[in-house]
Amino acid sequence: MSSDVMTLPEVAEYLRLTEKTTYRLAADGTLPGFKVGGSWRFRQVDIDAWIEAKKAETKQSVRPEQPERALPATSSKGEKTR
């Protein structure tokens, strides 16, 4: 039976992180998870949504939207004009 609820070691493997890093991210609220009887659990759909959000953040920080700059006017000979 396949479940969409993952344990901390499963999430660590899924994200290719150490269990210690995964625990720290969950404990500080960065990684979406919840505790059941003192053990961390994660829904795979939440982890996948978190990954997509991180990808979107990365794209925005790498390529921020910048207004187009006007190019300096040039004459027909390629010289800059005022």
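**Exercise 1. A helix residue**

What is the relative accessible area of Thr 22, and does that make Thr 22 buried or exposed?

*Solution.* The model is a predicted one, in which local features need pLDDT of at least 70 and side-chain atom pairs count only at pLDDT 80 or more, whereas totals for chains, interfaces and linings use all residues. Residues are numbered from 1 along each chain as its sequence is written, and side-chain values use heavy atoms, with hydrogens and water left out.

Step 1: recall the classes, in which buried means under 20% relative accessible area, exposed means over 50%, and partly exposed lies in between (1.4 Å probe, protein chains only). Step 2: Thr 22 has a relative accessible area of 0%, and is therefore buried. Step 3: place the residue, which is found in helix α2, where helices (H or I, at least four residues) and strands (E, at least two) are DSSP runs numbered from the N terminus. Step 4: list its partners, with contact meaning heavy atoms within 4.5 Å; once neighbours within four places in sequence are left aside, Thr 22 touches Leu 8, Val 11, Ala 12, Leu 17 and Leu 31.

**Exercise 2. The chain as a whole**

State in what order the elements of the chain run, and what share of its residues is buried.

*Solution.* Step 1: the chain has 3 helices and 3 strands, and read from the N terminus their order is β-α-α-β-β-α. Step 2: of the 82 residues in the chain, 16% are buried. Step 3: among the contacts with a separation of 6 or more, 38% join residues 24 or more positions apart.

**Exercise 3. How α1 meets α2**

Find the angle at which α1 and α2 pack, and name the residues that meet.

*Solution.* Step 1: axes are lines fitted to C-alpha atoms, for helices over the stretch in contact, and angles run from 0 to 180 degrees between N-to-C directions. Step 2: on this basis α1 (residues 8-15) and α2 (residues 19-27) pack at about 105 degrees, and their axes are 9 Å apart. Step 3: this angle makes the two helices roughly perpendicular, given that under 35 degrees counts as roughly parallel, over 145 as roughly antiparallel, 65 to 115 as roughly perpendicular and the rest as oblique. Step 4: from α1, Leu 8, Pro 9, Val 11 and Ala 12 meet Glu 19, Thr 22 and Tyr 23 of α2. Step 5: sorted by class, this contact comprises 5 nonpolar, 1 polar and 1 charged residues, where Ala, Val, Leu, Ile, Met, Phe, Trp, Tyr, Cys and Pro count as nonpolar, Asp, Glu, Lys and Arg as charged, and the others, Gly among them, as polar.

**Exercise 4. The buried sides of the helices**

Determine which residues of α1 and of α2 are buried, and how they are arranged around each axis.

*Solution.* Step 1: in α1, the buried residues are Leu 8, Val 11, Ala 12 and Leu 15. They lie on the same side of α1, because their arc around the axis is only 105 degrees; the arc is that of the directions from the helix axis to the C-beta atoms. Step 2: in α2, Thr 22, Leu 25 and Ala 26 are buried, and since they cover an arc of only 100 degrees, they too share the same side of α2. Step 3: the cover over the buried residues of α2 includes α1 and β3 (39-43). Step 4: as one example from α1, Val 11 is buried at 0% relative accessible area, and, apart from neighbours within four places in sequence, Val 11 contacts Met 6, Thr 22, Leu 31, Phe 42 and Ile 47.

**Exercise 5. The loop between the helices**

What is the phi of Arg 16, approximately, and where is Arg 16 found?

*Solution.* Step 1: Arg 16 is found in the loop between α1 and α2. Step 2: its phi is near 60 degrees, a positive value in a residue other than glycine. Most residues other than glycine have a negative phi. Step 3: Arg 16 is exposed, with a relative accessible area of 77%. Step 4: Leu 17, in the loop between α1 and α2 as well, is partly exposed at 33%, and its contacts, leaving aside neighbours within four places in sequence, are Ala 12, Thr 22 and Leu 25.

**Exercise 6. An aromatic pair**

Classify the ring pair formed by Trp 40 and Phe 42.

*Solution.* Step 1: rings of Phe, Tyr and Trp (its six-membered ring) pair if their centres lie within 6.5 Å, and planes under 30 degrees apart count as stacked, over 60 as edge-to-face and the rest as tilted. Step 2: the count by this rule is 1 aromatic pair. Step 3: the centres of Trp 40 and Phe 42 are 6.1 Å apart and their planes stand at 20 degrees, so the pair is stacked. Step 4: Trp 40 is buried at 14% relative accessible area, and Phe 42 is buried at 0%.
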